[in-house]
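Trainee: Could we walk through this protein together? I'd like to learn how to read a fold from its parts.

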Amino acid sequence: MYNAVTRFMPYTYLYTTLKQIVYCLYKALLVFKDENICEKIKRMNIWGENSEFEISAVAKDGTTAYDEVKKQHYDLVVTQTDIDGMDGLQLLRHIRGERLCSCVVLFSSEPNFENARQGIIYGAFDYLTEPLTEKSFCSIFDRIENRTDKKEEVYHFEEILSCIEQHGGNLEK
């Protein structure tokens, strides 16, 4: 049945989608076998409106993470090195080799020079160890924001959102 509500549903969907693009620019995938560390990262006051980065998905093993990155675009993947399925270094190698995400950060509870060296060879964006801090993540976020031009693209989406808001969702006015 066609009515006033169904008439504007596509515009509502478009408006919601554009708001998500404008207000949450960067999508992150966390890959951690250790749930305590993952929860600590999720509780940090650095996500969403505080940084324009959001945790879009969490995986507990490398195989699941790899499948996720193949089907969905992520701007940042943060992975523990000692995960099941495929370890963090193998995950990094596959992601970077297939150009699925340019910013893959390795994390190890205990510093391991050989892992760090392999990470550099495979193209890791950074290598983190304990203690994890908001400052270390904010530094990574700044580096990602400075190397991408997503913010320039957002200007056009903001113009479209403004137009939709001015017309109360009715683009035919």
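**Reading the fold piece by piece**

Mentor: Sure, and keep in mind that this is a predicted model. To start us off, what covers the buried residues of helix 4 includes strand 1 (26–31), helix 3 (62–71), strand 3 (76–80), strand 4 (104–108) and helix 5 (113–122).

Trainee: Then which residues of helix 4 are buried, and where on the helix do they sit?

Mentor: Helix 4 spans residues 88–97, and its buried members are Gly88, Leu89, Leu91, Leu92 and Ile95. Looking down the helix axis, you find those buried residues within an arc of 155°, so they line one face of the helix. As background, an α-helix has 3.6 residues a turn, so residues three or four places apart point the same way.

Trainee: Which residue caps the N-terminal end of helix 4?

Mentor: Look for a side-chain oxygen that lies 3.0 Å from the backbone nitrogen of Leu89. The residue that offers this oxygen, and so caps the helix, is Asp87.

Trainee: How do helix 4 and helix 5 lie: roughly parallel or roughly antiparallel?

Mentor: Their axes come within 9 Å and cross at roughly 10°. Angles under 35 degrees count as roughly parallel. That makes helix 4 and helix 5 roughly parallel.

Trainee: Which residues make that contact?

Mentor: Take one helix at a time. Helix 4 brings Leu89, Leu92, Arg93 and Arg96. Helix 5 answers with Asn115, Gln118, Gly119 and Tyr122.

Trainee: On to the sheet: in what order do the strands come?

Mentor: This is an open sheet of five strands with parallel pairing. Its edge strands, each pairing on one side only, are strand 2 (53–59) and strand 5 (126–129). On average, neighbouring strands are turned by 20° against each other, direction ignored. The order is 2-1-3-4-5.

Trainee: What is the bridge partner of Tyr26 in strand 2?

Mentor: Strand 1 and strand 2 run parallel and are joined by six bridges. In strand 2, the residue that partners Tyr26 is Phe53.

Trainee: And which residue of strand 4 stands opposite Gln80?

Mentor: Here you want the parallel pair of strand 3 and strand 4, which four bridges join. Opposite Gln80, in strand 4, stands Phe107.

Trainee: How many residues of strand 4 are buried?

Mentor: Check each face in turn. Val104, Leu106 and Ser108 are buried on one side, and Val105 and Phe107 are buried on the other. Strand 4 is largely enclosed by the rest of the structure, because its buried residues number five of the five.

Trainee: What about the backbone: is Arg99, with its positive phi, buried or exposed?

Mentor: Most residues other than glycine have a negative phi. Arg99 is not a glycine, yet it has a positive phi of about 55°, and it lies in the loop between helix 4 and strand 4. With a relative accessibility of 76%, Arg99 counts as exposed.

Trainee: And what is the relative accessible area of Glu52?

Mentor: Glu52 also has a positive phi, about 70°, although it is not a glycine. You'll find Glu52 in the loop between helix 2 (35–43) and strand 2. Glu52 is partly exposed, and its relative accessible area is 25%.

Trainee: Last one: which residues does a cis peptide bond join?

Mentor: Most peptide bonds are trans. For the cis one, go to the loop between strand 5 and helix 6 (134–147), where Pro131 lies. Omega there is about -5°, and the joined residues are Glu130 and Pro131.

Note on methods. Residues numbered from 1 in each chain as written. Predicted model: local features only at pLDDT ≥ 70, side-chain atom pairs only at ≥ 80, totals over all residues. Heavy atoms only, no water. Buried < 20%, exposed > 50% of the residue type's maximum accessible area, 1.4 Å probe, protein only. Helix = DSSP H or I, 4+ residues; strand = E, 2+ residues; numbered from the N terminus. Arc of directions from axis to C-beta. Contact = heavy atoms within 4.5 Å. Polar contact = N/O pair within 3.5 Å; in protein donor to acceptor, adjacent residues only side chain to side chain. Pairing = 2+ DSSP bridges. Axes fitted to C-alpha atoms, helices over the stretch in contact; angles between N-to-C directions. Parallel < 35°, antiparallel > 145°, perpendicular 65-115°, else oblique.
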